[in-house]
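Visitor: Could you take me through the salt bridges here, one pair at a time? I'd like to know where the partners sit and how covered up they are.

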Amino acid sequence: MSFGTILVSGLAILLALATAIESSVGEWLALSLIILAGIPHGSFDLRLAEAKWRESSRSRLSILAIYVSSGMAMSAFCIMFPTVGLALFLVISIIHFSEGEMIHGRMARGWMIGTSSVVLPIGLHLTGARAYLHYFIPFDLMESLSPFLRLLAIGLAVLLFIQLSRDSLKRDQDIDSNTLQRWICLGAWLLLPPLSGFCIWFIG
């Protein structure tokens with residue numbers, strides 16, 4: 001069993017137990033873990049940016065300045081234009097997450113998992129998600145979007161179930177390990193509150 005599988009399984013058990021005590025306990029624990037994991041995750045993203053731009057004439061300092069400035073600009077945009085800013089942030093996140101899931105160039109699978117990681121925790125747990133999204137999305141707009149988000153989430157869950165079932169039948173060691181982890185993530189997205197389900201995938 002790979003380290004990634006052990007990590008995802010351990011997180012799922014930990015957050016499931018915390019949620020069983022009380023939903024808010026699991027969500028606060030998930031939020032803390034996401035913040036703590038976000039620091040090294042951001043550092044890794046910066047290293048990728050440096051590697052990507054290494055061939056250009058940009059210095060290390062200018063790359064760091066661009067990276068930090070883009071984060072600050074995105075944050076400011078979300079504050080000034082909450083709904084549009086959130087939509088843009090989620091789209092960028094889905095693109096970023098999907099790229100990381102494209103094993104052996106499998107783009108359709110990557111897009112499906114990357115999109116599901118954002119849509120399923122929200123669309124399948126709208127009541128809990130509203131607590132986090134109310135600043136960005138007005139109540140009336142959230143109510144009107146709810147049926148679409150729920151339907152989209154259910155559709156993605158079914159497609160992902162089919163995709164993972166097909167992957168489980170294949171004999172590829174790299175895909176097998178990743179598939180087991182994504183089965184656990186799918187279960188978390190279906191059963192746990194929004195942040196807890198997202199946390200298991202994000203850290204794992």
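Guide: Sure, and let's get one bit of vocabulary out of the way: a residue is called buried when its relative accessible area is under 20%, exposed when that value is over 50%, and partly exposed in between. Keep in mind that this is a predicted model.

Now the setting. The protein has nine helices and zero strands, so a helix is what you'll meet again and again as we go along. Of its 204 residues, 39% count as buried.

Why would charged side chains pair up at all? Side chains of opposite charge can pair when their charged atoms come close. Here the count comes to three salt bridges.

Let's start with Arg 130 and Glu 143. Their side chains meet in a salt bridge, with 2.9 Å from N to O. Arg 130 lies in helix 6 (residues 126–133) and Glu 143 in helix 7, so this pair ties together parts that are 13 residues apart in sequence. How covered up are they? Arg 130 has 22% relative accessibility, so it counts as partly exposed. Glu 143 is partly exposed too, because its relative accessibility is 35%.

Next, stay with helix 7 but move to Asp 167. Asp 167 forms a salt bridge with Arg 109, and the closest N and O atoms are 2.7 Å apart. This one links distant parts of the chain: Asp 167 is in helix 7 (residues 139–168), Arg 109 is in helix 5, and 58 residues separate them. Asp 167 has a relative accessible area of 0%, so it is buried. Arg 109, at 3%, is buried as well.

The remaining pair is Arg 182 and Glu 101. In this salt bridge, the closest N and O atoms are 2.8 Å apart. Arg 182 belongs to helix 8 (residues 173–191), while Glu 101 sits in the loop between helix 4 (82–100) and helix 5 (107–123). These two are 81 residues apart, so you can call this another link between distant parts of the chain. Arg 182 counts as buried because its relative accessibility is 7%, and Glu 101 is buried with a relative accessible area of 4%.

If you like long-range links, there's one for the whole protein too. Among its contacts with a separation of 6 or more, 64% are between residues 24 or more positions apart. And as for the outside, the accessible surface comes to about 11900 Å², with 72% of that belonging to carbon and sulfur atoms.

Terms used:
Residues are numbered from 1 along each chain as its sequence is written. This is a predicted model: local features need pLDDT of at least 70, side-chain atom pairs count only at pLDDT 80 or more; totals for chains, interfaces and linings use all residues. Side-chain values use heavy atoms; hydrogens and water are left out. A salt bridge is a side-chain nitrogen of Lys or Arg within 4 Å of a carboxyl oxygen of Asp or Glu. Helices (H or I, at least four residues) and strands (E, at least two) are DSSP runs, numbered from the N terminus. Buried means under 20% relative accessible area, exposed over 50%, partly exposed in between (1.4 Å probe, protein chains only). Contact means heavy atoms within 4.5 Å. Accessible areas come from the Shrake-Rupley method with a 1.4 Å probe; for residues, only the protein chains shown count as cover.
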